[in-house]
2 protein chains.
Amino acid sequence: MAELSISEVAQRAGLRPSALRYYEEIGLLTPTRRIGGRRHYDESVLEKLAVIQTAQQAGFTLAELRILLNDVLDAASPSTRWHDLIQRKLQEMNTLLQNVQNMKRLLEDIMDCDDASLAECIILTGQRHQLFHSAQ
Amino acid sequence: MAELSISEVAQRAGLRPSALRYYEEIGLLTPTRRIGGRRHYDESVLEKLAVIQTAQQAGFTLAELRILLNDVLDAASPSTRWHDLIQRKLQEMNTLLQNVQNMKRLLEDIMDCDDASLAECIILTGQRHQLFHSAQ
DNA sequence: CTACCAACTCAAGTACACTTGAAGTCAAGA
DNA sequence: TCTTGACTTCAAGTGTACTTGAGTTGGTAG
């Protein structure tokens with residue numbers, strides 16, 4: 001299993017070394033072994049970082065990810081903690097999914113407006129999407 | 001058209017008055033008329049706030065929203081500015097859509113794991129989703 | 001008229017997710 | 001041996017999106 005330096009991991013994951021040190025500091029990554037004071041990672045950390053990045057984009061905070069990535073796999077931690085979190089996050093994912101799909105369609109339609117009649121087109125587009133509904 | 005005070009707008013939109021003042025300060029909401037120094041809104045601001053909240057959830061920054069909500073409707077502004085922004089944002093929406101769908105399925109499957117065999121179940125689930133692929 | 005409440009401004013503070021800078025350490029190559 | 005360069009820690013700084021607090025003002029109720 002290849003040994004990776006912090007800068008190799010960072011580069012492969014598209015992060016800066018400082019981000020990896022930060023993740024370790026807040027307990028998101030478990031401290032790696034050190035050789036001469038320097039962190040040595042094995043490749044499996046890249047999988048974890050991939051999950052972190054996907055989840056982060058999907059609206060997870062690093063604190064939430066710490067619970068999911070550490071507590072879930074820790075038999076000693078109470079299962080209700082992350083169980084509730086996942087339940088809540090699932091609902092958030094559904095809302096977010098709707099929002100993203102709405103925004104995507106809205107943007108696509110605005111792109112189709114021609115610059116001349118732009119203002120009206122956007123308003124019509126908005127109405128068509130019922131994005132501009134009265135928030136009663 | 002009903003006149004709304006800042007706290008009425010805030011309450012209906014699920015925001016704090018301070019957020020509305022802040023939006024005005026950064027140019028996201030155009031200043032409303034004042035009566036005795038106090039802001040008076042008409043109901044249409046709620047539609048705008050609904051769009052802002054949806055877009056924000058979908059990953060738009062307030063700076064981007066200022067461009068889209070103000071510049072797009074301003075004939076004087078160069079169309080390339082927001083045109084490029086929308087193009088870029090559309091790509092982001094597609095990536096985000098994939099990520100959210102992946103996270104959603106992952107969370108659903110983790111919920112189905114029973115607490116006993118949790119660790120293995122999560123690993124299998126992750127592999128099944130190819131979330132834990134080598135980030136080469 | 002006074003008291004009060006809700007609004008106002010402006011500066012400073014907060015949370016999150018990092019980054020940057022200063023000062024020191026370690027292993028390898030010339 | 002000396003230098004180089006990538007690493008280390010720790011404290012402080014950054015950007016985004018607000019919130020909070022202090023002190024002030026304006027319209028209404030008693």
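Which residues are the closest to DNA strand D, and how many residues surround this strand? With the model open, and bearing in mind that it is a predicted one, select DNA strand D and then display its surroundings: 18 residues surround the strand, and the closest are A:Ser7, A:Arg39, B:Gly36, B:Thr61 and B:Leu62.

Next, colour the elements that line this strand. From chain A, select α1 (6-13), α2 and β3 (38-42), and from chain B select α2 and α4 (62-71), since each of these supplies at least two residues of the surface near DNA strand D. Among them, α2(B) gives the most, with three residues. If you then colour this surface by residue class, you will find six nonpolar, eight polar and four charged residues.

Now move to DNA strand C, which is surrounded by 18 residues, the closest being A:Ser18, A:Gly36, A:Thr61, B:Ser7 and B:Arg39. The elements to select here, those that give two or more residues to the surface near DNA strand C, are α2 (17-25) and α4 (62-71) of chain A, along with α1 (6-13), α2 (17-25) and β3 (38-42) of chain B. On this surface the largest share, three residues, comes from α2(A). Coloured by class, the residues near DNA strand C divide into six nonpolar, eight polar and four charged.

Stay with chain B and turn to its strands, beginning with β1 (residues 3-4), which pairs with β3(B) in the antiparallel sense over two bridges. To see one of the partnerships, select B:Leu4 together with B:Tyr41, its bridge partner in β3(B). Then add strand β2 (residues 33-35) of chain B, which runs antiparallel to β3(B) and is joined to that strand by three bridges. Here B:Arg33 stands opposite B:His40, a residue of β3(B). Follow the chain through the hairpin of β2(B) and β3(B), where two residues lie between the strands, and stop at B:Gly36, which takes a positive phi near 60 degrees. You have met B:Gly36 already, as one of the closest residues to DNA strand D.

For the last stop, select helix α5 (residues 79-112) of chain B and find B:Ile110 within this helix. Is B:Ile110 buried or partly exposed? B:Ile110 counts as partly exposed because 19 other C-beta atoms lie within 10 Å, whereas a buried residue has 20 or more. Finally, select B:Leu124, which is 14 residues away from B:Ile110 along the chain, and draw a line between the two C-alpha atoms, which are separated by 9.8 Å.

Technical notes:
Residues numbered from 1 in each chain as written. Chains lettered and ligands numbered in written order. Predicted model: local features only at pLDDT ≥ 70, side-chain atom pairs only at ≥ 80, totals over all residues. Near = placed C-beta within 6 Å. Helix = DSSP H or I, 4+ residues; strand = E, 2+ residues; numbered from the N terminus. Nonpolar A, V, L, I, M, F, W, Y, C, P; charged D, E, K, R; others polar. Buried ≥ 20, exposed ≤ 12 C-beta atoms within 10 Å, placed from the backbone. Pairing = 2+ DSSP bridges.
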